[in-house]
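Here is a friendly walk through one structure, meant to be read with the model open beside the text. Please have the sequence and the 3D view at hand.

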Amino acid sequence: MYDLTGFQRDLLVVIAGLDEPHGLAIKEELEQYYESEVNHGRLYPNLDELVEKGLVEKGEKDRRTNSYHLTKRGDREIDARQDWEAQYVSP
């Protein structure tokens with residue numbers, strides 16, 4: 001996770017938290033959190049980079065919609081990040 005941007009870490013968190021993560025749902029969650037628009041030119045290249053890094057798996061929901069799921073490595077990275085944060089931030 002150390003080599004990811006904050007936006008990419010947020011993408012992983014949102015993907016982990018959605019029941020059926022797909023581009024539009026991920027975009028809507030991030031826009032709600034950021035309180036501003038997340039454009040496609042930012043979203044999809046970052047999703048593709050997470051796929052290339054082996055943290056996210058990209059599938060096809062239908063011909064127009066891709067689905068995104070954390071890989072086992074992605075799950076481990078999220079868990080490791082939460083453990084690291086817990087050392088510094090108490091609940």
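Does V14 count as buried or exposed? At 16% relative accessibility, V14 counts as buried, since the limit for that class is under 20%. Please keep in mind throughout that this is a predicted model.

**V14 and its surroundings**

V14 sits in helix α1. Leaving aside neighbours within four places in sequence, V14 is in contact with I26, E29 and L30. For a sense of spacing, the C-alpha atoms of V14 and K27 are separated by 9.3 Å, while the two residues are 13 residues apart along the chain.

A second pair can be set beside that one. A25 and L12 are also 13 residues apart in sequence, and their C-alpha atoms lie 13 Å apart in space. A25 has its place in helix α2, and at 16% relative accessibility A25 counts as buried.

**The nonpolar core**

In soluble globular proteins, nonpolar side chains tend to be buried together. In this model, the largest nonpolar core has 20 residues. The residues with the most contacts inside this core are L11, L12, I26, L30, L43 and V56. At least two residues of the core are supplied by each of α1, α2 (23-34), α3 (40-52) and β2 (65-70). The largest share, five residues, comes from α1.

V56 is worth a look on screen. Not counting residues up to four places away in sequence, V56 touches L12, I15, L50, V51, Y68, H69, L70 and T71.

**A buried glutamine**

Helix α1 (residues 6-17) also holds Q8. How buried is Q8, and what does its side chain reach? Q8 has a relative accessible area of 1%, so Q8 is buried, the limit being under 20%. The side chain of Q8 reaches the backbone nitrogen of T5 at 3.0 Å. Beyond residues up to four places away in sequence, Q8 touches D3, N46, E49 and L50.

Two of these partners turn up again among the charged contacts: D3, E49 and K53 are linked in a network of salt bridges.

**Salt bridges**

How many salt bridges does the model have? The count comes to six. Three of the pairs are set out here, with the distance between the closest N and O atoms and the relative accessibility of each partner.

| Pair | N to O distance | Relative accessibility |
|---|---|---|
| K61 and E20 | 3.2 Å | K61 43%, E20 55% |
| D48 and K58 | 3.4 Å | D48 29%, K58 39% |
| E85 and R81 | 3.0 Å | E85 35%, R81 22% |

Let us begin with K61 and E20, which form a salt bridge. Why does this pair tie together parts that are 41 residues apart in sequence? K61 lies in strand β1 (residues 56-62) and E20 in the loop between α1 and α2, so the salt bridge joins those two parts. At 43% relative accessibility, K61 counts as partly exposed, whereas E20, at 55%, counts as exposed because that class begins over 50%.

The side chains of D48 and K58 meet in another salt bridge. This pair links distant parts of the chain, with D48 in helix α3 and K58 in strand β1, ten residues apart. D48 counts as partly exposed at 29%, and K58 counts as partly exposed at 39%.

The salt bridge of E85 with R81 is placed within one helix. Both residues lie in helix α4 (residues 72-86), four residues apart, which is about one turn of the helix. E85, at 35% relative accessibility, counts as partly exposed, and R81, at 22%, counts as partly exposed too.

**A nonpolar patch on the surface**

Which residues form a nonpolar patch on the surface? W84, Y88 and V89 do, with about 380 Å² of accessible area together. Of these, V89 is found in the segment after α4. At 56% relative accessibility V89 counts as exposed, the cut-off being over 50%.

For a last look at the model, V14 in helix α1 and V89 in the segment after α4 make a handy pair of valines to show together: V14 counts as buried at 16% relative accessibility, and V89 counts as exposed at 56%.

Notes:
Residues are numbered from 1 along each chain as its sequence is written. This is a predicted model: local features need pLDDT of at least 70, side-chain atom pairs count only at pLDDT 80 or more; totals for chains, interfaces and linings use all residues. Side-chain values use heavy atoms; hydrogens and water are left out. Buried means under 20% relative accessible area, exposed over 50%, partly exposed in between (1.4 Å probe, protein chains only). A polar contact is a pair of N or O atoms within 3.5 Å; within protein, one must be able to donate a hydrogen and the other to accept it, and residues adjacent in sequence count only if both atoms are side-chain atoms. Contact means heavy atoms within 4.5 Å. A nonpolar core is a set of buried Ala, Val, Leu, Ile, Met, Phe, Trp, Tyr and Cys residues joined through side-chain atoms within 4.5 Å. A salt bridge is a side-chain nitrogen of Lys or Arg within 4 Å of a carboxyl oxygen of Asp or Glu. Patches are made of residues with over 30% relative accessible area and no salt bridge: like charges are joined within 9 Å, nonpolar side chains (Val, Leu, Ile, Met, Phe, Trp, Tyr) within 5 Å. Accessible areas come from the Shrake-Rupley method with a 1.4 Å probe; for residues, only the protein chains shown count as cover.
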